[in-house]
Amino acid sequence: MAVVAVVVIAGVVVIAGVVLLVATALLVAAVAVALLVVRPVAVVLVARPDHPDHDPPRPRRVHRQPTERAMTGPLREREDALAMIAAEAGRARTGRGRLVLLRGATGTGRTALLEAATRLAADDGMRVLRARCSPGGAGGPLSTVRQLLAGAPGPGRPRTVPGAAGGPGVPGTPVPGTTAHADAEQFWEDLCGYAAAGPVLLAVDDVHFADDASRLWFAETARRIDDLAVLVVATERSQYDVEQRPAGLAHALPPDLVRAHALAPLGPAAATALVRDARPDATEEWIASVVRAGARNPLLLRALLEDLAGAPPYAVPESCAALYPGAYAAAVSWWLESAGPDTTRLARTLAALEQPPAREGTAPGPGVAPSEGTGPGTAADVGPEVLAGAARAETHRTAGWLAAMTGLGLLVSDPGGAARYPHPLLRDAVLADWPVARRQEAHRAAAETMLHRGERAEPVARQLLHADAVGAPWVPTVLGDAATAALGESRVDDAVGFLRRALREPLPDGHRQRLLTELGSLEYASAVAADGVPHLSEALDLPVTPNERAHTAIALGTALFGRGETGAGAEVLQSITGQLTGHPEPARAARAAYILLSDQNLTMRREAYEWLADAAEHSPDTVGPAGRALLLRYAATAGACSARQATRRIRALLAEPADPLSEPVLLGTVAAVAQWTDELDEADRLVDRGLVGQRPSLLHPTHHSLHNTRIDIAAARGSYDRLLSVSRARPAALRRRGPANIDAHALVALVETGRTEEAERFVESFDLHEAADSWELNRFLYARGRFRASRGDTTGALHDFLECGRRQATRAVISPVVTPWRSAAAECQLRLGARQHAVALAEEELRLATVWRTPRTMGRALRALGLAVGGARGRELLGEAVDVLHGSPAAAELVEALLARGRELLAAGESTEGRELLREAAARAGRLGAVRLRDRADRALGSAGFHPATRSGALTSGEGRVARLAADGRTNSEIAKLLQVALRTVETHLTHTYRKLGIRRRTELGRALDALDAQTRE
């Protein structure tokens, strides 16, 4: 029984299994029948390498290969296209077919639009047959048509696809022996059969990739479907490329047979909305940056948003290396590949030429060779002709491509009209995978094209910065000319970059030595690199002429002295002097430079001038005019000659035959002495002459000396604004080496113009304990004493003045022509009640001033002694000071003398004369912008019961007219139009008026001018 039961159970299980299989088969069959009855379904072929009708797989990159089919999300700004397709579909359902061609550039959403159209058509009951073309697709003639019509058997005879798996008998395979023409006719019959059963939509994506036979079939079909219920919708890439593309599908069709629609890139509003919908948490700035990087191209925008999906919306990267998973880079790569190799090369060449050069100390862009800094703008200031030459393309095709890409938003025009990529990220993606050598070659080709077109040296040189060594003679010449041009515009960093690039070329020793010397000099002067000493040392080791060796040794010695290595600098200059025996001119030049530099070391200075004095007496040929000029300067500072004697000797020295190598020292020295003699105009001319003869790219101690003399001239004239302008332009790196002459004068200018808080910050920016001993430090101590005195710190000021004097004495600098510390210390002693000490200091200064005997030194000393002595004798001395300074170029010293004498006269009861002197002092101070002195004059007048009426005299007629119009509420532009003057003139007049009236705001003008009117009436 048990056995029987087992057998029965097994039988039941088998029967149940059979029933289940039968039921399953019936269900599948029912579903299939239902699908066929409800709607015919097109077969969409999947790309497979072994199928001739299938698209070959595109190469994979960092991310999946993008296509426009991959774009998701709502269509934007495509309503017109969909409406047009819907209208044509309705027309086709009535039996009037047509071809609709959707044209657009890569990434504008052709495929997405086609898919949307097929969905709408299917929903309206149309049979949809699809085909998608691919570049380089196999399958032979009519392969695209087969995709459309072989998916489901039509009413015609069955056919098979040649070579398909399964062999003969597979639906869609043509009968052996038929021709392509016969196949085309059979496909037409099949289409007619489909149309007879119901309206049909043929959807063909990327028809520009279709085989020729299929394209001909579609064109002929378009001619024959005007009475069929068939709508053909095809997408076609329509974009300007450098390569000539085949004519479009509809080029030979009458316009009434085709409805074409061009897809433009998204407008700014639609692109912004797309990004905002994806990242509602982003800022407007971030959204705008994404829109620029995506170039308003739907494909690029969606790919970039995919990469940025997990990143905070703070800043859009400028390099694809910061993006993950790499959809954006892959999309840009696809865009380039679809454009063809020639267009890709042009796009990448533009990106390479646009690549901004890396600044010193920053990393260059990906794949870009390290290069040096350049000036404003980028390296892509090129037009179509240069770009075409660099990319080996035709100029007219290049110009057309630039215009087309700008219209598509993939390029933008900068203010100068040059084409640029709209965002660095897009430029970086275009450059990705392009080897460094190719980029360098593009820059070289651009440089050669520009050179042949006669471009200026600097734009050509900017291209060479990114090219590898060329080895052609024209390259170092162009780079050298570009460096000279940059120096002419005070762009030292640019000049340094050009010279560094020139040194990468093969050069003869002489040329290399000159470039190294100029480069090292500029590096030291601009503090770009480690003071330029390495390059100068390398230049000195090269075998060149004696003159060139002297130039390099002087530059190296100047750099070493400048950074405090006085021993090393002295050794270089003394060594080269010994090596130049038999070459007197370069030897004298090196020796004169050493003596000039020895001012930075007390021991060296004493020994140098002792040798110089002895040589001038026993072997004058070894000294030359420059050496005698240095002895004259020494005598002037030691109080051993008068200004008149110095002037005669200057003229004699300038009349001697010039020694070209030593002339810079001669001119720099005599210019300084001329400035001390109060011949400021003559000193200015000598400075100009010296600077014209200087090579600005060659480091020389006289260059610093000439500029210092110009600064001293400005200080003597009371040109405070100019002094402050020069000081603020001084690189911070140079200021860290310690205070310079310009810093001392700038501090005094801040004090005199009433900017005490800024002056205090300026003083605190220097650590004098770390500063090297020098005459410039002594001058800064004097300036700091002036600052302290203005703040009421008389004791601190006296300490600075006395310390300055002590340091000057160790240098044998006795005369007040350099730093009048005694008169300043005398005023401090007087304030502290030490009149006897004040008188002693003032008398000593007057004695030394009498030896030199110029208005500036005499007037200053007489004023100090008059204040120290006091009484009638003091007033007499102050009167002499005023008389001496009247007519002299020392404007600020005259104001000081007028102020001192006016106050003393008021104190003595001589109010009328005292008041006039104080008003004159205030007026002159106003014209100088000396706020401190003007305020002192006003306070003195006010304490004596007089109105500070001198301010009205400080305004010129032009300033008065402008000021009153401004007080009435007129804008600067309105004033300029009313008075028919330049806007800059109005601004200058108002600046002077504010300074003279002691106001800072426009709203104060009315009250200040009313006060002036009242004072004038008095």
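**Helix H7**

I started with the outward side of helix H7 in this predicted model. The face turned away from the buried side of H7 carries Pro268, Ala269 and Asp277, which are exposed. Then I turned the helix round and asked which residues of H7, spanning 268-278, are buried. I found Ala270, Ala271, Leu274 and Val275. They cover an arc of only 135 degrees around the axis, so they sit on the same side of H7. That fits the textbook picture: an α-helix has 3.6 residues a turn, so residues three or four places apart point the same way. What covers the buried residues of H7? I noted helix H8 (284-294) and helix H9 (298-307) among the covering parts.

**Helix H33**

I tried the same reading on helix H33, residues 756-764. Its buried residues are Ala759, Phe762 and Val763. Here the arc around the axis is only 100 degrees, which puts them on the same side of H33. On the face turned away from that buried side I wrote down Glu757, Arg761 and Glu764, which are exposed.

**Nonpolar cores**

Next I looked up the largest nonpolar core, which has 87 residues. Which of them touch the most other members? My list reads Trp286, Val290, Tyr328, Val332, Trp401, Tyr421 and Val430. I picked Tyr421 from it and followed its contacts, leaving aside neighbours within four places in sequence. Tyr421 is in contact with Ala347, Leu350, Ala351 and Glu354, and also with Trp401, Leu410, Leu411 and Val412. Leu426, Arg427 and Val430 complete the contacts of Tyr421. A second core, separate from this one, has 73 residues, including Leu723, Val748, Phe780 and Leu781.

**Cavities**

I searched the whole structure for cavities of 30 Å³ or more and got six. I stayed with the second largest, whose volume is about 70 Å³. Its lining holds Arg588, then Val623, Gly624, Pro625 and Ala626, then Pro657, Ala658 and Asp659, and finally Ser662, Glu663 and Leu666. Which elements give two or more residues to this lining? They are helix H25 (624-637) and helix H27 (663-676). H25 gives the most, with three residues. Sorted by type, the lining of the second largest cavity has six nonpolar, two polar and three charged residues.

**Backbone oddities**

My last stop was the backbone. Most residues other than glycine have a negative phi, and most peptide bonds are trans. I therefore flagged the exceptions against that background.

- Tyr324 and Pro325 are joined by a cis peptide bond, with omega at about 10 degrees. Pro325 lies in the loop between H9 and helix H10 (327-339).
- Arg296 is not a glycine, yet its phi is positive, near 60 degrees. I located Arg296 in the loop between H8 and H9. Is Arg296 buried, partly exposed or exposed? Its relative accessibility is 23%, so Arg296 counts as partly exposed; the cut-off for buried is under 20%.
- Asp433, another residue that is not a glycine, has a positive phi of about 70 degrees. Asp433 is in the loop between helix H14 (424-431) and helix H15 (436-452). With a relative accessible area of 66%, Asp433 is exposed, because exposed means over 50%.

Terms used:
Residues are numbered from 1 along each chain as its sequence is written. This is a predicted model: local features need pLDDT of at least 70, side-chain atom pairs count only at pLDDT 80 or more; totals for chains, interfaces and linings use all residues. Side-chain values use heavy atoms; hydrogens and water are left out. Buried means under 20% relative accessible area, exposed over 50%, partly exposed in between (1.4 Å probe, protein chains only). Helices (H or I, at least four residues) and strands (E, at least two) are DSSP runs, numbered from the N terminus. The arc is that of the directions from the helix axis to the C-beta atoms. Contact means heavy atoms within 4.5 Å. On a 1 Å grid over the protein atoms alone, a cavity is a set of points where a 1.4 Å probe fits but cannot get out, and a pocket is an open set with protein on both sides within 12 Å along at least five of seven lines; lining residues have an atom within 4 Å of a point. Grid points are joined across faces, edges and corners, and a volume is the space filled by probe spheres set on the points. Ala, Val, Leu, Ile, Met, Phe, Trp, Tyr, Cys and Pro count as nonpolar, Asp, Glu, Lys and Arg as charged, and the others, Gly among them, as polar. A nonpolar core is a set of buried Ala, Val, Leu, Ile, Met, Phe, Trp, Tyr and Cys residues joined through side-chain atoms within 4.5 Å.
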